[in-house]
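Here's a quick briefing to read with the structure open beside you. Grab a viewer and follow along.

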Amino acid sequence: MAIAKRSVFEDSPMSLGFITVLLVFQLLGEAVSRGFGLPLPGPVVGMALLFLGLMVRGGLPDGLRDTAGGILKHLALLFVPAGVGVVMHVHLLEREWPAIATALVASTAATILATGLAMAALDRAGKRGGAGDV
Amino acid sequence: MSDGFTEIWAYLSATPLLGLTATLIAYQGGLWLYNRTNRFALFNPVLVAIVALIAFLKVSGMNYEAYFDGAQFIHFMLGPATVALAVPLYQQLERVRRSALAILVSVVVGSVTAVVTAVGAAWMMGASKTAMLSIAPKSVTTPIAMGISEITGGAPSLTAVLVILTGILGAVGGAWLLDAFGVKDERARGLAMGAACHGIGTARAFQMGEVAGAFSGLAMGLNGLATAVLLPVLLHLFF
């Protein structure tokens with residue numbers, strides 16, 4: 001086993017400063033969403049604001065890229081606690097599982113295909129049109 | 001000895017530490033299994049972790065509230081992670097700009113398809129109104145879906161579960177389905193995964209490639225927006 005030479009106090013890719021930036025934008029998003037009575041949750045408004053912020057600034061700080069990457073790398077983990085909540089709905093699911101299962105499978109497949117095929121078709125149409133801007 | 005064990009257990013199960021640690025262990029176990037089996041779709045890490053944790057709750061007799069006391073710290077990170085999706089999106093700015101209209105139209109098509117087919121199928125199979133209203137926003141990211149469900153009269157916590165099941169279904173079968181229908185373009189694949197299967201689809205899309213991941217994150221945000229606006233109108237057609 002090699003002994004790590006790098007001190008734990010040296011720079012790691014995740015930065016406290018940029019975690020704070022993400023939280024500040026989430027907070028701004030919540031404030032804007034509530035303030036204007038938008039039907040969107042704060043984090044989504046926060047995402048839009050950060051995106052606009054990056055466009056105005058015209059460049060992505062390395063630290064923000066690394067911090068976002070660190071969080072998004074394990075995006076799937078974040079859904080586990082809510083998913084375990086299935087235990088709270090055992091009764092309804094026991095009663096209605098055929099309808100719910102059918103609806104979930106059919107609708108998920110239909111949505112994936114509708115979106116994917118629409119984008120592929122529009123993109124082809126755009127290329128044929130020669131404009132490239134569809 | 002067994003008394004001592006019971007005492008330690010009683011103490012641990014009352015602290016947030018147990019739910020939090022169990023979640024991390026279950027997820028990493030799922031990840032290990034997934035990679036070990038060459039990413040066999042049914043061993044999706046989220047699915048494996050959820051099944052393992054439910055088994056853990058059953059065996060230990062711990063209730064969901066006590067579990068969530070700890071797991072909420074992970075759940076909370078959904079907020080900053082959603083904000084962080086602006087970063088891959090910004091990195092794809094040029095690609096997004098070039099096909100902005102196609103993206104918008106495709107996501108609206110996806111949003112309407114998701115709501116109409118979910119509620120329609122549930123209705124045909126004789127589901128209750130609560131189930132139909134809870135399933136309507138199933139393709140939208142958890143925080144938005146729960147908000148929509150609350151406004152329209154569904155059960156938000158049931159919606160959260162249906163949203164996650166939808167994500168798992170898409171993560172498990174989405175790539176196969178897109179292959180079968182010859183959708184090869186990474187942008188189209190990403191949009192499809194994000195519009196149908198929100199964050200779990202996006203996590204899966206990032207495995208397909210960075211472009212697919214960024215477009216999936218974009219579709220997830222846009223679909224949340226589209227569905228929040230369109231769903232009340234669409235539900236009016238059913239009820």
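Which residues does B:Ala188 touch, leaving out those up to four places away in sequence? They are A:Gly116, A:Met119, A:Ala120 and A:Asp123 from chain A, plus B:Val183 from chain B. Keep in mind that this is a predicted model, with an ipTM of 0.84 and a pTM of 0.82. For chain B, the average pLDDT is 90, and 99% of the residues score at least 70.

**B:Ala188 and its surroundings**

- You'll find B:Ala188 in helix α12 of chain B, which covers residues 186-208.
- B:Ala188 has 26 other C-beta atoms within 10 Å, so it counts as buried.
- B:Phe215 sits 27 residues away from B:Ala188 in sequence, yet the C-alpha to C-alpha distance is 8.0 Å.

**Where the chains meet**

- The contact between the chains draws on 93 residues from chain B and 66 residues from chain A.
- On the chain B side, α11(B) gives the largest share, with 14 residues.
- Sort the chain B residues that touch chain A by class and you get 63 nonpolar, 25 polar and 5 charged.

**Helix α10 of chain B**

- Helix α10(B) runs over residues 142-152, and 8 of its 11 residues are buried, so the rest of the structure largely encloses it.
- The buried ones are B:Thr142, B:Pro143, B:Ile144, B:Ala145, B:Met146, B:Gly147, B:Ile148 and B:Ser149.
- Both chains help to cover these buried residues: the cover includes α2 (42-57) and α4 (80-84) from chain A.
- From chain B, the cover includes α5 (78-84), α9 (129-135), α11 (156-180) and α13 (210-238).
- Right after α10(B) comes B:Gly153, with a positive phi of about 100°.

**How α10(B) packs on α13(B)**

- The axes of α10(B) and α13(B) are 10 Å apart, and the two helices pack at an angle of about 20°.
- An angle under 35 degrees counts as roughly parallel, so α10(B) and α13(B) are roughly parallel to each other.
- Their crossing, α10(B) over α13(B), is right-handed.
- From α10(B), the contact uses B:Ile144, B:Ile148 and B:Thr152.
- From α13(B), it uses B:Gly224, B:Thr227, B:Ala228, B:Leu231, B:Pro232 and B:Leu235.
- By class, this contact of α10(B) with α13(B) has 6 nonpolar and 3 polar residues, with no charged ones.
- B:Ile144 and B:Ile148 turn up twice here: they belong to the buried set of α10(B) and also to its contact with α13(B).

**Positive phi outside glycine**

- As background, most residues other than glycine have a negative phi.
- B:Asn38 has a positive phi, near 60°, and isn't a glycine.
- Look for B:Asn38 in the loop between α2 (16-36) and α3 (45-60) of chain B.
- Buried or exposed, then, for B:Asn38? It has 7 C-beta neighbours inside 10 Å, so it counts as exposed.
- B:His198 also isn't a glycine, and its phi is positive at about 40°.
- B:His198 lies within a helix, α12 of chain B, the helix that holds B:Ala188.
- With 32 C-beta neighbours inside 10 Å, B:His198 counts as buried.

Terms used: Residues are numbered from 1 along each chain as its sequence is written. Chains are lettered from A and ligands numbered from 1 in the order in which they are written. This is a predicted model: local features need pLDDT of at least 70, side-chain atom pairs count only at pLDDT 80 or more; totals for chains, interfaces and linings use all residues. A residue is buried if 20 or more other C-beta atoms lie within 10 Å of its own, exposed if 12 or fewer, and partly exposed in between; C-beta atoms are placed from the backbone. Helices (H or I, at least four residues) and strands (E, at least two) are DSSP runs, numbered from the N terminus. Two residues are in contact if their C-beta atoms, placed from the backbone, lie within 7 Å. Ala, Val, Leu, Ile, Met, Phe, Trp, Tyr, Cys and Pro count as nonpolar, Asp, Glu, Lys and Arg as charged, and the others, Gly among them, as polar. Axes are lines fitted to C-alpha atoms, for helices over the stretch in contact, and angles run from 0 to 180 degrees between N-to-C directions. Angles under 35 degrees count as roughly parallel, over 145 as roughly antiparallel, 65 to 115 as roughly perpendicular and the rest as oblique. A crossing is left-handed if the near helix is turned anticlockwise from the far one by less than a right angle, and right-handed if clockwise. pLDDT is the predictor's confidence in each residue, from 0 to 100.
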